[in-house]
Amino acid sequence: MAMLCVLCLLIGCGGVSTYPVTGFVTIAGDGPLNMGEIVFTSDEVTAKGAIQKDGSFNLITTTDREQQGAPAGKYRVFILGTATYEDPSKLDSPSKNLIDSKYNDYRTSGLEYTVEEGPNSFEIEVTKPKS
């Protein structure tokens, strides 16, 4: 039993090792994206974070528990950047994409980043919607 406790302390009792992931999302020629969500996804895990008014984000990974950051590895990234007008509680409130819709799906965003062991910071520039 004592050996099991020591082993559990050494490997972290089932949690994955995560590393801090922060950054900024900006719209080319227009400053920070001031709302939305950014998602880093891999075959093993997904980490996401709310985009703040200054464009900053801080990722959180939820596996068996919520952890700051993301595990080391390669990620495909997508961003949801939509503004809702009028009353957001109404399903029919109009919304507007603040960024090109290609960023709404990791298969079309073209965004791929590698999280390294230790602190990570990413500056991500996206484009406005096509008119």
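Select Asp43 and Arg76 to begin: their side chains form a salt bridge, and the closest N and O atoms are 3.7 Å apart. The pair links distant parts of the chain. Asp43 sits in the loop between β3 and β4, Arg76 is in strand β8, and 33 residues separate them. Color both by accessibility. Asp43 is exposed, with a relative accessible area of 70%. Arg76 counts as partly exposed, because its relative accessibility is 25%. Keep in mind throughout that this is a predicted model.

**Whole chain**

Zoom out and show the cartoon. The protein chain holds 2 helices and 12 strands. From the N terminus on, the elements run α-β-β-β-β-β-β-β-β-β-β-α-β-β. Of the 131 residues, 34% are buried. Now turn on the surface. The chain exposes about 8,300 Å², and carbon and sulfur atoms supply 54% of that area. A contact map is worth a look too. Among contacts between residues at least 6 apart in sequence, 60% join residues at least 24 apart.

**The six-stranded sheet**

Next, select β3, β4, β6, β7, β8 and β11. They make an open sheet of 6 strands in the order β7-β6-β4-β3-β8-β11, with antiparallel pairing. Which strands are at the edges? They are β7 (66-68) and β11, each of which pairs on one side only. Neighbouring strands of this sheet are turned by 30° against each other on average, direction ignored.

Step across the sheet from β6. Strand β6 (residues 60-62) and β4 pair in the antiparallel sense over 2 bridges. Pick Ala47: Thr61 in β6 stands opposite. On the β3 side, Ala47 is the bridge partner of Phe40. β3 and β4 pair over 5 bridges, again in the antiparallel sense. These two strands form a hairpin with 4 residues between them.

Show the side chains of β4 (residues 46-50). They alternate. Ala47 and Gly49 point to one face and are buried. Thr46, Lys48 and Ala50 point to the other face and are not buried.

Move to Val39, in strand β3. Is Val39 buried or exposed? Val39 is buried, because its relative accessible area is 6%, below the 20% cut-off. Leaving out residues up to four places away in sequence, Val39 touches Thr46, Ala47, Lys48, Arg76, Val77 and Phe78. Arg76 is the residue from the opening salt bridge with Asp43. Draw a distance from Val39 to Gly49 as well. Their C-alpha atoms are 6.7 Å apart, with the two positions 10 residues apart in sequence numbering.

Go on to the β11 edge. β8 and β11 run antiparallel and are joined by 5 bridges. Lys74 stands opposite Thr114 in β11, and Arg76 has Glu112 as its bridge partner there. β11 has two faces. Leu111, Tyr113 and Val115 form the covered one. Glu112 and Thr114 form the uncovered one.

**The nonpolar core**

Hide the polar side chains. In soluble globular proteins, nonpolar side chains tend to be buried together. Here the largest nonpolar core has 23 residues. Select Val25, Ile38, Phe40, Ile79 and Ile124, which have the most contacts inside this core. The elements giving two or more residues to the core are β1 (21-27), β3 (37-41), β8 (73-80), β11 (111-115) and β12 (120-126).

Center on Val25. What is in contact with Val25, apart from neighbours within four places in sequence? The list is Pro32, Leu33, Ile38, Ile51, Gly55, Phe57, Ile79, Ile124 and Val126.

**The other salt bridges**

The structure holds 3 salt bridges. Select Lys130 and Asp100, whose side chains meet at 3.4 Å, N to O. Lys130 lies in the segment after β12, and Asp100 lies in the loop between β10 (95-97) and α2 (106-109), so the pair ties together parts that are 30 residues apart in sequence. Lys130 is exposed at 70% relative accessible area. Asp100 counts as buried, at 8% relative accessibility.

Finish with Asp105 and Arg107. Their side chains meet in a salt bridge of 2.8 Å, N to O. Asp105 is partly exposed, with 23% relative accessibility. Arg107 is exposed, with a relative accessible area of 63%.

Conventions:
Residues numbered from 1 in each chain as written. Predicted model: local features only at pLDDT ≥ 70, side-chain atom pairs only at ≥ 80, totals over all residues. Heavy atoms only, no water. Core = buried A, V, L, I, M, F, W, Y, C linked by side-chain atoms within 4.5 Å. Buried < 20%, exposed > 50% of the residue type's maximum accessible area, 1.4 Å probe, protein only. Contact = heavy atoms within 4.5 Å. Pairing = 2+ DSSP bridges. Areas by Shrake-Rupley, 256 points an atom, 1.4 Å probe, with all protein chains shown as cover. Axes fitted to C-alpha atoms, helices over the stretch in contact; angles between N-to-C directions. Salt bridge = Lys/Arg side-chain N within 4 Å of Asp/Glu carboxyl O.
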